[in-house]
Amino acid sequence: MALDVGKLLAGSVQYPKLPEVSPSYGTAGFRSTAVLLPCTVFRCGVLMALRAMHTGAATGIVITASHNPEQDNGVKLVEPSGHMLSPSWEAFADRLANAPDDDALAELCHELISQHSISIGNATVMVAHDSRPSAVALVAAAGDGISCVGATAYACGLLTTPQLHWMVMKCNRKLPHSKEDYFHTLAEAYEQLTAGAATPDEVIIVDCANGVGANALQQLQEKLGAKLRLKLFNTEVGVAGKLNADCGADFVQKERTGPASMTLAECSGRCASIDGDADRLVFFSQEGDTLALLDGDKIAALLALLVQQLLKAAGLEDVSLGVVQTAYANGASTQFLQQLPHCTVQCTPTGVKHLHAAAEKFDIGIYFEANGHGTVLIGKPFLEKLQKTSQAGGEKLQEAARQLEALATLSNQAVGDALSGLLMVEAALQLLQKDLQSWGALYRDLPSRQRKVSVRDRSVVKTADAERKAVSPAGLQEGLDKAAASVKSGRVFVRPSGTEDVVRVYAEAATQEDADGLALEAARLLHHLAGGTGAEV
Ligand code: G16
């Protein structure tokens, strides 16, 4: 069948391309103020329909701007494997999003169709959305884009981002993949992994960012029953102005303070915080005046210890175990992981797509960004080995092998998932007999500081070496090196954000004062050399 150009163009005129808007595929898809997005989302519908036809499998779209403000929205694109859109298609996504509304759009589609020998025919794109008010219009735009090239949009409704990724992955593996199956699978795997361990006395307090994760956690709680008790805060889903407002994983991690709506007493329990689309997770507990933050780095360290304990018990220490981080990983966490036996530590650029690809190369790959985005990947060859172990050997060995299998089911194999992560952390704490204090004491974070700098055009800042070095503008890296060398244990880098129109600065040092000073100096330098806007930093 050929592409129906008339139908495509008739669809596209409903979502006109605004000349002043130049969308760019960033760290995790397209993101902007919601009112500017309908055209981009319509075209993402077209793209993911063609990707589904090309692969002969379902693809996915999630309408979400994650931790960003409520008035923003965005689109995350999901491969048939459940991973993020293949980077080899990103450039095309950009071209499609920026094409004018005329024959050029059809020509571009024809180029993609012929380049990949796509045969136009039936295909499915699964579409979900978070709780933003702009979701309805954008879901309709995606649906129109999907149907105008002849594919079917399967409306999955209000879901967490990782839930949709999981459903696409399971659907294409011809496994049960309903919303209900997701909760059932997680709860059952958690029960298997923790069988024999004492159920925690403590209630886990979860800050839900007033987002879709609140609904999802309620459903998960129903499945978990008394195995794990959750008390949910910030559950005003769909209430105007509440989403991510002074709460959620990004707020807690960046501001180093508990959510504004929670009392000090509530914040001093065993607390977790997720973000607006429930793909990030951090733990915290208020201790006197300070907030003990257990971020993605600490989660990776805890899960690495759990995996090592299970591998040892199963007699499988010869497998390759890797932990993948980004430049944002606290230097103390990297040092901690590097001294673990049989554990390789790797650094990639920011973005789950990079970490996931690197983690997949290990038998067991743990990846976490410091912001709490991550999961544990357990590869098929390893699982086959495990199944043999489960059938042979002594009782203890078999038990550990079964636990590793349960961990492989509990951890979302498609993408980082706050719900799955929460259960993995709780299971690890029980099996390693740790509480938040002893977990936090695994290593002591170096003091750090993050800042944002607005510049005229953030693309002038270019980086190399997994974003640890700035290669442009000229003189920036030399200035950063000099500043870092002037303080004890100083480390600093800058990188353009792929989700916000800012350049980010990260600095760490032996003291908080030095980390703050280093971040400020780097921000000033950046403002000066990269065309800073607004007041001098
Ligand atoms: C997204 C990505 C993350 C990334 C974050 C910030 O998270 O999925 O991998 O760390 O953006 O990226 P940047 O620093 O480029 O703005 P989320 O939770 O917003 O979808």
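## Briefing: a four-domain predicted model

With 537 residues, this protein would be expected to have a radius of gyration near 24 Å if it were a compact globule, and its 23 Å agrees with that. Keep in mind that we're looking at a predicted model. The domain assignment splits the chain into domain 1 (5–158), domain 2 (180–290), domain 3 (297–440) and domain 4 (448–529). Here's the rundown, from the overall fold to a few backbone oddities.

**Overall build**
- Along the principal axes, the C-alpha atoms take up a box of roughly 65 × 60 × 45 Å.
- On the secondary-structure side, there are 19 helices and 19 strands.
- Buried residues account for 53% of the 537.
- Among contacts with a separation of 6 or more, 73% link residues that sit 24 or more positions apart.

**Where domain 3 meets domain 4**
- The centres of domain 3 and domain 4, taken over C-alpha atoms, are 31 Å apart.
- At the contact itself, nine residues of domain 3 touch 11 residues of domain 4.
- Domain 3 brings four nonpolar and five polar residues to that contact, and no charged ones.

**Around the ligand**
- The ligand has 18 residues around it, and those that come nearest are A28, S66, S497, G498 and T499.
- By class, the shell around the ligand has 10 polar, six charged and two nonpolar residues.
- On the domain assignment, A28 and S66 fall in domain 1 (5–158), while S497, G498 and T499 fall in domain 4 (448–529).

**A cis peptide bond**
- Going from S472 to P473, the peptide bond is cis, with omega near 0°.
- P473 lies in the loop that runs between β17 (469–472) and α18 (476–485).

**Positive phi without glycine**
- N210 isn't a glycine, yet it has a positive phi of about 55°.
- You'll find N210 in the loop between β6 (204–207) and α8 (213–224).
- N210 has 27 other C-beta atoms within 10 Å, so it counts as buried, the cut-off being 20 or more.
- A278 is another non-glycine with a positive phi, this one about 60°.
- The loop that holds A278 connects β8 (270–274) and β9 (281–287).
- A278 is buried too, because it has 33 C-beta neighbours inside 10 Å.

Terms used:
Residues numbered from 1 in each chain as written. Predicted model: local features only at pLDDT ≥ 70, side-chain atom pairs only at ≥ 80, totals over all residues. Domains from an automatic or database assignment. Contact = placed C-beta atoms within 7 Å. Nonpolar A, V, L, I, M, F, W, Y, C, P; charged D, E, K, R; others polar. Helix = DSSP H or I, 4+ residues; strand = E, 2+ residues; numbered from the N terminus. Rg over C-alpha atoms; globule rule 2.2 N^0.38 Å. Buried ≥ 20, exposed ≤ 12 C-beta atoms within 10 Å, placed from the backbone. Near = placed C-beta within 6 Å.
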